[in-house]
Amino acid sequence: MPDENHDWLNQVNPDFDRFLALGAKKDRSALRMFKNYSQGVLTARDAWCYSASKSLVERNINSMIEFYNSERVRYNKASDHEKLDVAKFIDSDSTRISWTRALKKDLGKNKTLAFSEGEALISTYRPFSKQWMYYGRRLNEMVYQMPQIFPNAKAENRVICVTGIGATAGFSALIVHAVPNFHTLDSGQCFPLKLYKKIETSRDDDLFEGSGNPQYRVQDGISDQALTHFQTAYPGETISKEDLFYYLYGILHSEDYRTKYKNNLMKQLPRLPVVTDVEDFRAFLAAGYALAELHLGYETVDPWPVTINDGKGLPDGVEPERLYRVEKMKFGGGHGAKKDRTKIVYNPYITISDIPLEAYNYVVNGKPAIQWVIERQNVKTDKASRLVNDTNHYAIETMGNPAYPMELLRRIIRVSMETLEIVRDLPPLQA
């Protein structure tokens, strides 16, 4: 039978609506946890706006801007008849430019594009995968509310990303501290610890100065009403807005929460329960802090102990950049479900084995965290633009460590194992 929402299948749990809404953009007066939230940046031209190399992403964007401006000049000189259809007039060579509706509209209005120094920043492209990004409004098709969360490269923030409504990969949550992509978590929403409000003059001490010298007032991302809501629930307990942020992260990793409200999480944004026992509140809070530090610090945790080359170790006499260069990792043997996931062939010089199968149980956005490393640490040529994205550039140029991809794989094994341990120890959800 259909329920009150007219759903025949995947019916939601009505208890879910008792919990605190994370956001409510349609009703600003509603009780909600976050004052604002946003989807990740949708560039509509990722091959151009992202790269493992800062210098390459800047060069690619410069090249595209030059071509756009040459097309703008050509269009401006064209006859009125030729200008009737911008889409037919422009040169659509995908190796020179990536046109979008907004960019075509700009050309039709004779708007000049200019490269802006300082707009290249490190972003979170996919789970546990960073890229250099050109963060410019004119060449990012949709930035949504992200400029209030990360106004520029110097802004610091922490953001809890969750999978979007209707996500087919199942519910996930991941905390990041760099601008997230639209698909970091399947068209997800991102909830910030802080917000940045651009101001014209400085009257407060709590100001942040960014590139280009605009100034921002730093504000709490969490509402006063949400804090009062929890302080009332736990009288005598000292609770801060930051505590609520990490308590949320702990709750979102609860298997009870994900199972009991699975259908709700498919159809609506998460909501935050007030657990019955204050001791459970403290447990979810502690877990949220631990998970956050683990997931944000994934590049610095101790690598998981593995066996290299069947115990023979690394070969001698090979230059580091050649020894650790990765182009495409693959599992050690077998096909399909029979692949040996305890072994990964990193490159012709390195094979890693004794990877615990349990580590693959930590899944983010539909894939094991380890799988994201395997898929993203590679060399790939975009078919349309023919631009090459080489992960080894990030290792050498940004991290100063040719072994970064291999170490990242081992670190994510540890992140996976320790995440599973923290989640196992969470108390039952009683709210």
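**Entry 1: W372 and its helix**

I began with W372, which is buried, having a relative accessible area of 7%. I keep in mind throughout that this is a predicted model. Looking for its place in the fold, I found W372 in helix α11, which covers residues 369-376. I then listed what W372 is in contact with, leaving aside its neighbours within four places in sequence, and noted R126, P127, V364, N365 and K367. I also looked up its separation from L409, and the two lie 37 residues apart in sequence but 9.4 Å apart in space, from C-alpha to C-alpha.

How many of the residues of α11 are buried? I found that six of its eight residues are buried, and I therefore wrote the helix down as mostly covered. The buried ones are A369, I370, Q371, W372, V373 and I374. Following what these buried residues pack against, I noted the strands β4 (120-126), β15, β16 (344-347), β18 (363-364) and β19 (367-368), together with helix α13.

**Entry 2: the largest nonpolar core**

I turned next to the largest nonpolar core, which has 124 residues, and found that M33, Y247 and I370 touch the most other members. Helix α13, residues 404-424, gives the most to this core, with 11 residues. I was reminded here of a general tendency, that nonpolar side chains in soluble globular proteins tend to be buried together.

I370 was already in my notes as one of the buried residues of α11, and I looked up which residues I370 touches, not counting those up to four places away in sequence. They are I344, I355, A359, Y360, L409, I412, I413 and S416.

**Entry 3: two crossing helices**

Y247 led me to helix α6, and I asked at what angle the axes of α6 and α9 cross. The axes of α6 (residues 241-252) and α9 (residues 278-296) come within 7 Å and cross at roughly 85°. I therefore recorded α6 and α9 as roughly perpendicular to each other. On the α6 side the contact is made by E242, D243, Y246, Y247, Y249, G250 and I251, and on the α9 side by F281, F284, L285, G288, Y289, L291, A292 and H295. Sorting the residues of this contact by kind, I noted 10 nonpolar, three polar and two charged.

**Entry 4: salt bridges**

How many salt bridges does the structure hold? I noted 15 of them, and I looked at a few one by one.

The side chains of R74 and E71 meet in a salt bridge, with 2.8 Å from N to O. R74 and E71 are three residues apart in helix α2 (residues 54-77), so about one helical turn separates them. I recalled the general rule that an α-helix has 3.6 residues a turn, so residues three or four places apart point the same way. I also compared the surroundings of the two partners: R74 is partly exposed, with a relative accessible area of 37%, whereas E71 is buried, at 5%.

R325 forms a salt bridge with D390, and their closest N and O atoms are 3.1 Å apart. Because R325 lies in the loop between α10 (320-323) and β15 (330-331) while D390 lies in strand β21 (residues 388-390), this pair ties together parts that are 65 residues apart in sequence. I noted R325 as partly exposed at 30% relative accessibility, and D390 as buried at 7%.

K367, one of the contacts of W372, forms a salt bridge with E375, with the closest N and O atoms 2.6 Å apart. K367 counts as partly exposed at 26% relative accessibility, and E375 counts as partly exposed at 31%. I also found that salt bridges with shared partners join D106, K111 and R138 into one network.

**Entry 5: residues in loops**

I looked up Y135 and placed it in the loop between β5 (129-134) and β6 (159-162). Is Y135 buried or exposed? At 9% relative accessibility, Y135 counts as buried. Not counting residues up to four places away in sequence, Y135 touches V41, E119, L121, N140, V143, M146, P147, F150, P151, N152 and V179.

Last, I checked the loop between β14 (307-308) and α10, where N309 lies. N309 has a phi near 55°, a positive value in a residue other than glycine. D310 is found in the loop between β14 and α10, and its phi is positive too, at about 55°, although D310 is not a glycine. I noted N309 as buried, with a relative accessible area of 16%, and D310 as exposed, with 59%.

Methods. Residues numbered from 1 in each chain as written. Predicted model: local features only at pLDDT ≥ 70, side-chain atom pairs only at ≥ 80, totals over all residues. Heavy atoms only, no water. Core = buried A, V, L, I, M, F, W, Y, C linked by side-chain atoms within 4.5 Å. Buried < 20%, exposed > 50% of the residue type's maximum accessible area, 1.4 Å probe, protein only. Contact = heavy atoms within 4.5 Å. Axes fitted to C-alpha atoms, helices over the stretch in contact; angles between N-to-C directions. Parallel < 35°, antiparallel > 145°, perpendicular 65-115°, else oblique. Nonpolar A, V, L, I, M, F, W, Y, C, P; charged D, E, K, R; others polar. Salt bridge = Lys/Arg side-chain N within 4 Å of Asp/Glu carboxyl O.
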